[in-house]
Amino acid sequence: MANMVRRRSTSARLWRFGLYALLIVAALVYLLPLVVMILTSLKPLEEIRAGALLSLPSTISFEAWIKAWSTACTGMRCNGMSGYFLNSIAIVVPAVAISTFVGALNGYALTKWRFRGANLCFALLLFGCFVPFQVVLMPMARTLGWLGMASSTTGLVLVHVVYGIAFTTLFFRNYYVSVPDEMIAAAKLDGAGFWRIFWRILLPVSGPIITVSVIWQFTQIWNDFLFGVSFAGFDSQPVTVALNNLVNTSTGVKEYNVDMAAALIAALPTLVVYVLAGKYFVRGLTAGSVKG
Amino acid sequence: MSPHVSSPRVGGKGRRRSLAGQVERFLPRLVVAPSLAVALFFVYGYMLWTFVLSLTDSRMLPQYDFVGFAQYARLFANERWNVAATNLVVFGGLFIVSCLVIGLLLAIFLDQRIRQEGALRTIYLYPMALSLIVTGVVWRWLLNPGLGIQALVRSWGFEDFTFNWLVDSDMAIYTLVIAAVWQASGFVMALFLAGLRGIDDSLFQAAALDGASLPRIYLRIVLPSLRPVVFSAVMILAHIAIKSFDLVMALTGGGPGYATDLPATFMYAHTFTRGQIGLGSASAIMMLCGVLAILVPYLYSELRGQRNG
C-alpha cells in the first residue's frame, strides 16, 4: 500500500528518514524495560546501588540468577523460583492439552453437525470469554473446597480448563466453518461416522489452529495471576504468584538483581514461544476481534 | 462471532435408523453437552451465586441472611470504592485512547514499505507475551525514584529532574497507564496493521490520482474503513482495563494508601482479605455490569451489521 512515495524528491527522502528515525526510537522505547531487566540481573548489587540504570555490568555475574532460581525468599520460604516454575508447568501442560482437545471437538460438532440449537450453544459458551473472573472467584473457591481440590495444582488445572474452553471453542469453530462441508458429506456417503470424520478428515487439516490454540492457552495460563493467587496453596503456587511474593518480601536487603532475574525466569517461557511462533501468537490475539 | 447459517444440513434425513444410527445422531449433542453444562454451572450459575451473595450479610464466610440491596448502598457510600471506580474511568480512558493513538500511528508508519518491518513488529508486540506481573515488576524498578529513570536522567546532569509518580498519590494512577500502554499498544498496532492490509490498494491509487495528499487519504478514506477495527480494539482494551488486577498488584499494590485501587483489587481485598464477602460480591456484580454495558452494544451492532449484510 501507500506506493505514492515513488518520487524520490528531497522532501520524500526527508520524510523517509524521519519515518525510520521515529520507528527506531519507538523500538528502543519498547525494548528499554527488557534491556534494563537483563542488565540489572547480571550486575552485582553494589553496582546497582551506585545508579546508572543503563550502564553495562563491569563483570557479568549469574549469581542473581542462581539465587532467584534456588535460594531467594518468596514469603516465608527460601527455595527460589524453581519449585513454582515446576508448578506452573504441572498446571499448564494438562490444562492446555485438555482445553484444546475439548475446543476442537466442540468446534467440530458445532460446525459440521449442525444440530438444532447449535448456534445458541455457541453463544452461551462464548460468553465465557467475556465474563470478568471476579464474578466467579468466591463460588469457585467454595466449589474447589468441596471437591477437595483447594490449594492443589489439580484444582488450578480444572479452573483453567473450565474458563479456557470458551476461547478454544471460538478458535476451532471459526476455523472449521471454512472447511468445505462437501468433504464431510462425501465421507458420510462412504459410511464414515462422527469420530472417523474427526480423526481422519478434520484433525489432519487442523495444524495451524491447534498451534494458535495451544499458544494462546499456554500464554494465558502461564501468565495467570488472579486464579493462582486466589486458589493456590503454598505448595501449588504458580510462578507469577511466587514472583510477586519474592518482589514483595521485605526481609533484609532489597536485591534488585535477584528481582529482575526472577522476573526474567517467569517471563522466559512465553517470550521463547513468542519468538519462535510469533505469527500464531498474533493470530490467536486477533482471532476474536478482526475476524470475529 | 459470526453465526454461519448458510451451510447445508448434511446427513441424517431419509436414512434408515438403526440403534447405532440413533446414537450417532445424538453424538454431536453429547459431545457438546459437557462443555455446555460446565458453562451453565461455572459461568452462569456462579454469576447467579455471586449475585445472591451480594444480597447477603456475608463476612468471613458465605452465609445466607438476606439484607436486600444494602451491600450495594454500602458500596456506593464507600470512599475506597468511589476512588476505585473513578480510577477505572481515568485509567481505562487514558489507556484506551493512548493505545489507539500509538497503535494507529505505528501501524500507519509501518505500512509505508519499511525495511525490517517484521523485526520492528516483533519488538512492538513482545510485551503482550509477558505476564502483567512481570510488567509490573519491571516498571516498578524503572519508576523507582532513587534508582530508576529519575536517577538516570539526574545522572546526565539534569539535577532537578523529577519523575516520582510511583510514590505520589495524585500521580501514581498514571504509572499504571504507562505500563499498561507499553504492554498493549503493540497489540493494537497489530490489529490496525491487519486492517490496513485489508484495504484495497486501488482505493489508494484512485485517491492519489485525484491529487489527494497522503494525510488526507488516511483521514478521509483509511480511517473510516478502519472503524470496525477501532470498535473491536476498544472492546478488548476496555475489557482488559476492567479486569486489570495483576498490574496493580505488582506495580503499586493499590497504593500509596488506596490511591491506585481499581474495582478488581477492591473486590479481591474485600472478599479474600478483609472478610467482607457480601460487599466484595456486590463489587464483582458491578464489574459484570460494566462489562455488559460495553459488550451488549458491541454484540448488538455486530449482529445487526451481519443481518444488513
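## Transmembrane annotation

The UniProt record, an unreviewed entry, puts the "transmembrane region" feature at residues 20–39, 84–105, 117–137, 157–176, 197–218 and 260–282 of chain A. Keep in mind that what you're looking at is a predicted model.

Two of those stretches are worth a look in the coordinates. Residues 84–105 of chain A come out as 100% helix and 0% strand, with 32 Å between the end C-alpha atoms. For residues 157–176 of chain A, the figures are again 100% helix and 0% strand, and the end C-alpha atoms sit 26 Å apart.

## Two domains and where they touch

Chain A is split by the domain assignment into domain 1 (10–70) and domain 2 (82–287). Measure by C-alpha centres and you get 32 Å from domain 1 of chain A to domain 2 of chain A. Their contact draws on 13 residues from domain 1 of chain A and 11 residues from domain 2 of chain A.

On the domain 1 side, α1 (10–41), α2 (45–49) and α3 (63–70) of chain A each put in at least two residues. The top contributor there is α3(A), with six residues. By character, this side of domain 1 of chain A breaks down into eight nonpolar, three polar and two charged residues.

## A closer look at S70(A)

S70(A) belongs to helix α3 of chain A. It counts as partly exposed because 13 other C-beta atoms lie within 10 Å, while the cut-off for exposed is 12 or fewer.

Leaving aside residues up to four places away in sequence, S70(A) touches G80(A) and S82(A). G193(A), by contrast, is 123 residues from S70(A) in sequence and 53 Å away in space, C-alpha to C-alpha.

How values were computed: Residues are numbered from 1 along each chain as its sequence is written. Chains are lettered from A and ligands numbered from 1 in the order in which they are written. This is a predicted model: local features need pLDDT of at least 70, side-chain atom pairs count only at pLDDT 80 or more; totals for chains, interfaces and linings use all residues. Domain bounds come from an automatic or database domain assignment. Two residues are in contact if their C-beta atoms, placed from the backbone, lie within 7 Å. Helices (H or I, at least four residues) and strands (E, at least two) are DSSP runs, numbered from the N terminus. Ala, Val, Leu, Ile, Met, Phe, Trp, Tyr, Cys and Pro count as nonpolar, Asp, Glu, Lys and Arg as charged, and the others, Gly among them, as polar. UniProt positions are given in the numbering used here, feature names are shortened, and annotations may be inferred rather than shown by experiment. A residue is buried if 20 or more other C-beta atoms lie within 10 Å of its own, exposed if 12 or fewer, and partly exposed in between; C-beta atoms are placed from the backbone.
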